[in-house]
Amino acid sequence: MQTYSSDALVLRTYRYGEADQIVVFLTEDRGKKRGVAKNATKSRRRFGGGLESLSRGQAAYVEHEMRELVRLDRIETRLSPFRAASGRGTDEAAHVLGHAAYFAELLDEWAPDNAANDRLFRLGAAVGEQLCGGGAVGALARYFEYWLLRLEGVYPALDACPRCGQRVLDAGAVLVLAERTYVCTECAHGGPVLSAAAMKFLREAGCRTPAEIGAAVTDPQALLELERVHDRLIAMHLEKELRSARVVRELRPEL
Ligand SMILES: [Zn+2]
């Protein structure tokens, strides 16, 4: 048996027996882990109310050979979406918490067990930080989805249209889901459309930090177009729709 300590993001928890919880968490250095947190529902000292989705902190855990579940001894929480949302209005707080759950569920689907994925961890940590810090939630969500798919190598190319090989996609593009590509509007035969503003957002997302995206003002229509397109790409990639994605849509304050 061996003890580890690592920067970690909480992805999911569920009850286990009377007072214990199973915690799924993403460590910076050793990938995704599942741990038993003994007496977690009662111990504020060891878990300090930091077991909500996308909470970040230093996790201390013990691994036993031949056992899949680790023993999670404590998490010293540094950042908690729950705490960040508590000072805000009801709708905004629900919006932040809904997205924290959504980001955590995506990370849970994407992150490999027991194998470090440094870029995925940093993406989750940086977007979580901006979400807690009051960054623009919709823009952060589209940025997160873009990078998640891009890190996986499945985001459609943004440069020239692959059908005609000529027209650049700056003026707008259409998703061809079956081919996982964006084509120019002249080559497309129906499908979800991205406007010039949405294409601009994507190109900027490629070279900006979450802090820059969270502080910028983005055209709401462009974000809506991107949400529809990303939903389809993610559903295709995961071969299912995420529960938290539906919750987030229902919570959208502008509707
Ligand atoms: Zn074309």
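In the predicted model, three strands form an open sheet in the order β7-β6-β8, with antiparallel pairing. Because β7 and β8 stand at the edges with a single partner strand each, one side of each is left without a neighbour in the sheet. From one strand to the next, the twist averages 35°.

Strand β6 pairs with β8 in the antiparallel sense over three bridges. Within this pairing, Ala173 has Leu194 of β8 as its bridge partner, and Val174 stands opposite Val193 in β8. Strands β6 and β7 also run antiparallel and are joined by three bridges; here the bridge partner of Val174 is Val183 in β7. The hairpin of β6 and β7 has four residues between the strands, and Arg180 in this hairpin takes a positive phi near 50°.

Strand β6 is mostly covered, five of its five residues being buried. Burial extends to both faces of β6: Gly172, Val174 and Val176 are buried on one side, and Ala173 and Leu175 are buried on the other.

A zinc ion is bound by four cysteines, with the SG atoms of Cys161, Cys164, Cys184 and Cys187 as its protein donors, at 2.3 to 2.4 Å. The angles among the four donor atoms are 102 to 117°, and the site is tetrahedral. The donor residues follow the sequence spacing C-x2-C-x19-C-x2-C. Distant parts of the chain are linked at this site: Cys161 belongs to the loop between α5 and β6 (172–176), whereas Cys184 belongs to the loop between β7 (181–183) and β8 (193–195), 23 residues apart. Cys161 counts as buried because its relative accessibility is 1%, and Cys184 likewise counts as buried, at 3% relative accessibility.

Aromatic contacts were examined next. The structure holds seven aromatic pairs. One of them is formed by Tyr4 and Tyr61, which are stacked, with a distance of 5.4 Å centre to centre and 25° between the planes. Tyr4 lies in strand β1 (residues 2–16) and Tyr61 in strand β4 (residues 56–63), so this pair ties together parts that are 57 residues apart in sequence. Tyr61 is buried, with a relative accessible area of 0%. The ring of Tyr4 also has the charged end of Arg30 sitting over it, 3.7 Å from the ring centre.

A further pair is formed by Phe103 and Phe144, whose ring centres are 4.7 Å apart. The planes of these two rings are at 40°, so the pair is tilted; in this classification, planes under 30 degrees apart count as stacked and those over 60 as edge-to-face. Phe103 is located in helix α3 (residues 90–110) and Phe144 in helix α5 (residues 137–151), so that the pair links distant parts of the chain, 41 residues apart. Both rings belong to buried residues: Phe103 has a relative accessibility of 1%, and Phe144 has a relative accessibility of 0%.

In addition, Tyr146, Trp147, Tyr155 and Tyr182 form one aromatic cluster.

Notes. Residues are numbered from 1 along each chain as its sequence is written. This is a predicted model: local features need pLDDT of at least 70, side-chain atom pairs count only at pLDDT 80 or more; totals for chains, interfaces and linings use all residues. Side-chain values use heavy atoms; hydrogens and water are left out. Rings of Phe, Tyr and Trp (its six-membered ring) pair if their centres lie within 6.5 Å; planes under 30 degrees apart count as stacked, over 60 as edge-to-face and the rest as tilted. Helices (H or I, at least four residues) and strands (E, at least two) are DSSP runs, numbered from the N terminus. Buried means under 20% relative accessible area, exposed over 50%, partly exposed in between (1.4 Å probe, protein chains only). A charge sits over a ring if NZ of Lys or CZ of Arg is within 6 Å of the ring centre and within 35 degrees of the ring normal. Donors are N, O and S atoms within 2.8 Å of the metal (3.2 Å for Na, K and Ca); water is not among the atoms, so sites may look incomplete. Four donors count as tetrahedral if all angles lie between 85 and 135 degrees; four count as square planar and six as octahedral if opposite donors are over 155 degrees apart and all others between 65 and 115; anything else is irregular. Two strands pair if DSSP finds at least two bridges between them. Axes are lines fitted to C-alpha atoms, for helices over the stretch in contact, and angles run from 0 to 180 degrees between N-to-C directions.
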